[in-house]
Amino acid sequence: MNSRRRFLQKITASAFAIPFVPAYAKNIARQTNTLAQEGPPLRVAIMGLGSYGTRVAEAMRTCTRAKLVGVISGTPAKIKDWQGKYSIPEKNCYNYENFDKIKDNPDIDAVYIITPNALHRPMAIRVAKAGKHVISEKPMALNAAEGQEMVDACKKAKVKLLIGYRMHLEPKTLEIIHMRKAGDFGKVMFFQGLCGFRIGDPTQWRLNPKLAGGGAMMDIGIYAVNGARYMIGEEPTYVTAQETKTDPEKFKEGVDETILFQFGFPSGAVASCLSTYSMNNLDRFFLNGEKGYAEMQPSTGYGPIKARTNRGEIDYPHVTHQTVQMDEMADIILRGKQPEVPIDGEEGVKDMKIIDAIYLAAKTGKRVDLKL
Ligand code: NAD
């Protein structure tokens with residue numbers, strides 16, 4: 001066993017006894033402690049008070065640089081409930097008919113769109129026209145053309161557009177990216193991303209192609225799509241894909257159940273990924289290079305993420321992804337910070353172009369070339 005590995009195992013056993021603070025943990029602590037004093041927080045209104053909206057709101061309770069100040073919802077009872085839980089004043093509450101008036105509200109900086117996928121584009125365009133920064137959940141839109149419309153609308157309105165890519169800001173993920181950049185794994189040859197879960201209720205919007213824009217690929221496969229890109233550190237030049245369906249009743253036309261897809265990269269590295277709505281225990285990334293490897297399992301769930309490399313476990317303290325995300329987004333929007341892995345609209349469009357190509361490759365059985 002090499003000495004670095006022994007060292008990492010030792011710190012795993014007694015993380016708090018040894019004064020070893022990984023670079024990223026230090027970074028997060030420093031940002032959390034200091035930036036709170038550097039300016040006002042990002043004041044956010046959440047649109048879509050469903051399951052993920054609630055998770056974000058709860059996580060924002062411990063943000064130091066972002067603050068939940070408003071809501072946009074079609075359900076008056078939910079608005080009332082959130083007003084009580086998060087002390088949201090009446091003047092910051094909107095519904096889908098009247099929220100364009102948010103443009104006259106100086107107390108809200110950004111709107112976080114956490115609705116079904118099909119609403120991301122039209123809502124983002126309305127938010128941009130109201131002069132507020134836009135945060136859109138993933139997938140940013142139903143396809144690349146829609147995503148580009150969002151980018152253009154935000155540019156025109158001179159507001160920022162960010163995508164809710166929480167893993168792009170996750171410390172263990174970033175440490176692996178650092179190690180890869182430092183050459184610790186040697187020449188990177190291969191990435192594998194396995195992303196899936198068994199989806200329940202057949203009546204939910206995720207299985208309605210009009211609202212979801214697809215199936216597992218739009219919802220969970222997207223993590224392997226951008227994971228392949230940020231883990232390998234290159235843009236894919238081609239895609240191949242194969243689709244299987246075991247339950248055409250539940251997964252109707254336009255809703256993918258399982259897709260296997262492969263990417264080729266300019267360096268010669270390749271990726272092999274699985275996206276599915278019909279298997280559990282699939283949350284795994286594996287990166288292989290000539291000198292070493294990184295393995296994450298779980299890799300994209302809410303955590304704790306588990307990550308190890310050929311040098312041992314990456315034993316950083318767990319952070320709530322959405323808390324880190326919203327604090328980082330505050331710095332990106334208000335203070336122009338450049339994140340290590342981009343989370344802007346252009347980045348979202350690249351993922352949508354790849355997903356469009358995956359669907360085309362699965363449909364035609366042919367390799368689809370990409371220029372990103
Ligand atoms: P959800 O069904 O729990 O919530 C959706 C909300 O949108 C509900 O409050 C619903 O009332 C509202 N809504 C507004 N217009 C609607 C319409 N026309 N039809 C149906 N609902 C409508 O869904 P969710 O799990 O919160 O997902 C919302 C978005 O968040 C999706 O885009 C999803 O991909 C994304 N998401 C991201 C993550 C992540 O980790 N980044 C995790 C879960 C969900």
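## Close-up views of a predicted model

**View 1. An open sheet is built from six strands, in the order 3-2-1-4-5-6, with parallel pairing.** Strand 3 and strand 6 (161–163) are the edge strands, and each of them pairs on one side only. Helix 10 (residues 321–335) packs on this sheet, where it touches strand 1 (42–47), strand 2, strand 4, strand 5 (133–136) and strand 6. The direction of helix 10 makes about 120° with that of strand 1. Please keep in mind, here and in the views that follow, that the model is predicted.

**View 2. At one edge of the sheet, strand 2 (residues 66–72) and strand 3 run parallel.** How many bridges join strand 2 to strand 3? There are two bridges. If you would like a residue pair to look for, take Ile72, whose bridge partner in strand 3 is Tyr94. Tyr94 turns up again in the next view, among the residues touched by Asn105.

**View 3. Asn105 and Asp109 both sit in the loop between strand 3 (93–94) and strand 4 (110–113).** Are these two side chains buried or exposed? Asn105 has a relative accessibility of 6% and so counts as buried. Asp109, with a relative accessible area of 15%, is buried too; the cut-off for this class is under 20%. Leaving aside residues up to four places away in sequence, Asn105 touches Lys91, Asn92, Tyr94 and Lys132. With the same exclusion, Asp109 touches Pro41, Leu42, Arg43, Lys132 and His133. Lys132 therefore appears in both lists. For a polar contact to zoom in on, follow the side chain of Asp109 to the backbone nitrogen of Arg43, at 2.7 Å.

**View 4. Helix 5 (residues 120–129) packs with helix 6 (residues 144–157) at an angle of about 5°.** The two axes are 9 Å apart. Helix 5 and helix 6 are therefore roughly parallel to each other. On the helix 5 side, the contact is made by His120, Arg121, Ala124, Ile125 and Ala128. Helix 6 contributes Glu146, Glu149, Met150, Ala153, Cys154 and Ala157. Sorted by class, the contact of helix 5 with helix 6 holds seven nonpolar residues, one polar and three charged.

**View 5. Helix 7 (residues 171–181) and helix 9 (residues 216–232) pack at about 40°, and their axes lie 8 Å apart.** Why is this pair described as oblique? Angles under 35 degrees would count as roughly parallel, and those from 65 to 115 as roughly perpendicular, so helix 7 and helix 9 are oblique to each other. Thr173, Ile176, Ile177 and Arg180 represent helix 7 in the contact, where they meet Tyr230, Met231 and Ile232 of helix 9. The residues of the contact of helix 7 with helix 9 divide into five nonpolar, one polar and one charged.

**View 6. Strand 9 (residues 258–264) pairs in the antiparallel sense with strand 8 and with strand 10.** Seven bridges join strand 8 (residues 238–244) to strand 9, and Gln242 stands opposite Leu260 in this pairing. Strand 9 and strand 10 (residues 270–276) are also paired over seven bridges. One of the residue pairs here is Gly264 with its bridge partner Val270 in strand 10. The hairpin of strand 9 and strand 10 has five residues between the strands, and Gly268 takes a positive phi near 105° in this hairpin. Strand 9 is mostly covered, with five of its seven residues buried.

**View 7. Two cis peptide bonds lead into Pro298 and Pro304.** Where are these prolines found? Pro298 is in the loop between strand 12 (293–296) and strand 13 (307–309), and Pro304 is in the loop between strand 12 and strand 13 as well. Omega is near -5° for the bond from Gln297 to Pro298. For the bond from Gly303 to Pro304, omega is near 0°.

**View 8. Ser87 and Asn281 have positive phi values, although neither is glycine.** Ser87 has phi near 50° and lies in the loop between helix 4 (76–86) and strand 3. Its relative accessible area of 63% makes Ser87 exposed. Asn281 has phi near 60° and lies in the loop between strand 10 and strand 11 (282–289). At 74% relative accessibility, Asn281 counts as exposed; the class begins over 50%.

Notes: Residues numbered from 1 in each chain as written. Predicted model: local features only at pLDDT ≥ 70, side-chain atom pairs only at ≥ 80, totals over all residues. Heavy atoms only, no water. Buried < 20%, exposed > 50% of the residue type's maximum accessible area, 1.4 Å probe, protein only. Helix = DSSP H or I, 4+ residues; strand = E, 2+ residues; numbered from the N terminus. Pairing = 2+ DSSP bridges. Polar contact = N/O pair within 3.5 Å; in protein donor to acceptor, adjacent residues only side chain to side chain. Contact = heavy atoms within 4.5 Å. Axes fitted to C-alpha atoms, helices over the stretch in contact; angles between N-to-C directions. Parallel < 35°, antiparallel > 145°, perpendicular 65-115°, else oblique. Nonpolar A, V, L, I, M, F, W, Y, C, P; charged D, E, K, R; others polar.
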